[in-house]
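Colleague: I am new to this structure. Please take one part, the surroundings of the ligand, and go through it closely, along with what is needed to place it in the chain.

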Amino acid sequence: MVKAVVLGAAGGIGQPLALLLKTNPRVTELGLFDIVNTPGVAADLSHIATPAKVEGYLPPDDGLAKTLTGADIVVIPAGVPRKPGVHDLFKINAGIVHDLAVGIATTAPKAFVLVISNPVNSTVPIVAEVFKKHGVFNPKRLFGVTTLDVVRASTFVAEIIGDLSKSPNVVVPVVGGHSGVTIVPLLSQSSHPLPSSFASEKLEALTTRIQFGGDEVVKAKDGAGSATLSMAYAGAEFAAKVIDALAGKKGLVAPSYVHLDADKEGAAVLKKEIGKELDYFSTNVEIGPNGVERIIPLGKLTEYEKGLIAAAVPELTTNIEKVSCYQRPR
Ligand SMILES: NC(=O)c1ccc[n+]([C@@H]2O[C@H](COP(=O)([O-])OP(=O)(O)OC[C@H]3O[C@@H](n4cnc5c(N)ncnc54)[C@H](O)[C@@H]3O)[C@@H](O)[C@H]2O)c1
C-alpha cells in the first residue's frame with residue numbers, strides 16, 4: 001500500500017507526472033493538490049484501470065491536509081517555471097515551497113519528500129529549514145530531484161554512441177547541484193564510454209549542453225515554459241525508485257541533491273573530494289526503506305571534472321547560504 005501525493009498536480013509537470021504515478025502498479029492511492037483544476041485532473045485519471053485510487057483537492061476546506069493525510073511519498077512540482085518576465089524563480093517559489101513544507105511537516109512528517117520546484121539548490125534547503133523548525137527534519141527522507149540532468153546526459157551520450165536503443169541502459173552520473181555550472185556530468189564514469197576519438201573540445205561542448213539543456217527546451221517552447229514532459233518522466237523514474245525502496249527492494253542507486261547529514265560517513269569522504277564543508281550536494285545515493293542509506297563518494301575524476309567541481313562549489317554555496325536569511329513574506 002503506497003500513497004503518493006503530487007503538490008502542483010495541475011501544472012505542466014504535475015499532470016504528466018500524476019499520469020505516470022497512476023500507472024505505477026505499486027501506488028494504491030494518489031493524492032493531487034493544486035490551487036486550480038485538481039478535481040478535473042483527478043476525475044480524468046480515475047478512469048484509468050490501474051490500482052491507484054485518485055483524489056484531487058483545492059486549498060479550501062483543508063484541501064492540503066486532506067491530500068497529505070497518510071502520504072508515503074510527496075512530490076513537489078508546484079511553482080512557476082522559467083518563462084519571459086519571470087526572472088527570479090527563488091522569489092516566488094521559495095514562498096510556495098515553504099508553505100507546502102509546513103503542510104507536510106504538520107500532516108505527513110514521515111513522508112519521503114521529492115522536490116522538483118526550482119531552484120532546487122535552494123528549495124531543498126527551504127524545506128529542510130521548515131522541517132527543522134517543526135522538529136521533524138530527517139535528512140534521509142528529503143530529496144532534490146536532479147534526475148532530469150542524468151536523463152539528458154544519458155540520452156546525449158547514447159546519441160553520440162549512435163544507438164538510441166541503448167539509451168535506457170546508458171547511465172551517466174551527474175553531481176553537484178541542479179542549475180548551470182553546478183551541474184557536473186561525470187562523463188568519464190559513463191556506463192558506456194564515449195569513443196576515444198571524442199576530442200576535448202567536443203567533451204566541453206557536451207558538458208555545456210548537459211548543464212544548459214533546459215535552455216534548449218525553454219527556447220523551443222518560445223515563452224510557453226520549461227521542460228515538463230521530460231521532467232515528468234524523470235520525476236516518475238526517481239519516484240519509482242523511492243517507491244521500490246519503500247517496498248524493500250535493495251541496491252537502488254540514483255543521484256539526488258541531499259543534505260549531507262543523511263550519511264555522515266559517506267559525506268566525510270565526499271567533502272574531502274570536493275574540498276569544502278557544504279551542507280547539500282547532489283551525488284549518487286543508495287536508497288532503502290528508510291531513505292538515504294549511503295552517500296556514495298564521487299570516485300575517480302579526470303582533471304577536467306575536478307575543474308568543473310571547483311567551479312560548481314562557490315555557486316552552490318551561494319545558493320545554499322541564500323536560504324539562511326530567507327524570511328517568508330507575510
Ligand atoms: N527539477 C527539475 O529538473 C525541473 C525541471 C523542469 C522544471 N522544474 C520546475 O518545476 C516547477 C513547475 O514547473 P511547471 O512547468 O510544471 O510549471 P506550471 O506553471 O505549468 O505548473 C506549476 C503548478 O503549480 C501550481 N501552484 C502554484 N502555486 C501553488 C501552491 N501554493 N500550491 C500548490 N500548487 C501551486 C500552479 O497552479 C501550477 O498548476 C517550476 O519551478 C520549474 O522551474 C524543475
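Modeller: A residue is called exposed when its relative accessible area is over 50%, and buried when that value is under 20%. The model is predicted. Two residues show the exposed end of the scale. Asp 222 has a relative accessible area of 69%, so Asp 222 is exposed. Asp 222 sits in the loop between α8 (213-221) and α9, and its phi is positive, about 50 degrees, although Asp 222 is not a glycine. Asn 37 counts as exposed because its relative accessibility is 52%. Asn 37 belongs to the loop between β2 and α2, and its phi, near 65 degrees, is likewise a positive value in a residue other than glycine.

Now the ligand. It is surrounded by 29 residues, and the closest are Gly 12, Ile 13, Asp 34, Val 80 and His 178. By class, this shell has 18 nonpolar, 10 polar and 1 charged residues. Helix α4 (residues 89-107) supplies the largest share of the shell, with 4 residues. Three polar pairings with the ligand can be located. From Asp 34, a polar side-chain atom lies 2.6 Å from a ligand oxygen. At Ile 116 the partner is a polar backbone atom, 3.0 Å from a nitrogen atom of the ligand. Asn 118 places a polar side-chain atom 3.2 Å from an oxygen atom of the ligand. On its own the ligand has 860 Å² of accessible area, of which the protein covers 86%.

One of the closest residues, His 178, is listed by UniProt under "active site", in an unreviewed entry. His 178 is in the loop between β7 (174-176) and β8 (183-185). Its relative accessibility is 12%, so His 178 counts as buried. Beyond its neighbours within four places in sequence, His 178 contacts Asn 118, Val 120, Asn 121, Thr 146, Asp 149 and Ile 183. With Asp 149 there is a polar contact between the side chains, at 2.7 Å.

Asn 118 leads on to the next piece. The peptide bond joining Asn 118 to Pro 119 is cis, with omega about -5 degrees. Pro 119 is in the loop between β5 (112-115) and α5. Within helix α5 (residues 120-133) lies Thr 123. Thr 123 is buried because its relative accessible area is 0%. Leaving aside residues within four places in sequence, Thr 123 is in contact with Val 97, Val 115, Ser 117 and Asn 118.

On the other side of the sequence from Asp 34 is Phe 33, in strand β2 (residues 27-33). Phe 33 has a relative accessible area of 7% and is therefore buried. Not counting residues up to four places away in sequence, Phe 33 touches, among others, Val 6, Gly 8, Thr 38, Tyr 57 and Leu 100. Phe 33 and Gly 8 are 25 residues apart along the chain, yet their C-alpha atoms are separated by 5.9 Å.

Strand β2 also helps to cover helix α1. In α1 (residues 14-22), the buried residues are Gly 14, Pro 16, Leu 17, Ala 18, Leu 21 and Lys 22. What covers them also includes β1 (2-7), α2 (38-45), β3 (53-57), β4 (73-76) and α9 (229-246).

Definitions and conventions. Residues numbered from 1 in each chain as written. Predicted model: local features only at pLDDT ≥ 70, side-chain atom pairs only at ≥ 80, totals over all residues. Heavy atoms only, no water. UniProt positions renumbered as here; feature names shortened; annotations may be inferred. Helix = DSSP H or I, 4+ residues; strand = E, 2+ residues; numbered from the N terminus. Buried < 20%, exposed > 50% of the residue type's maximum accessible area, 1.4 Å probe, protein only. Contact = heavy atoms within 4.5 Å. Polar contact = N/O pair within 3.5 Å; in protein donor to acceptor, adjacent residues only side chain to side chain. Near = heavy atom within 4 Å. Areas by Shrake-Rupley, 256 points an atom, 1.4 Å probe, with all protein chains shown as cover. Nonpolar A, V, L, I, M, F, W, Y, C, P; charged D, E, K, R; others polar.
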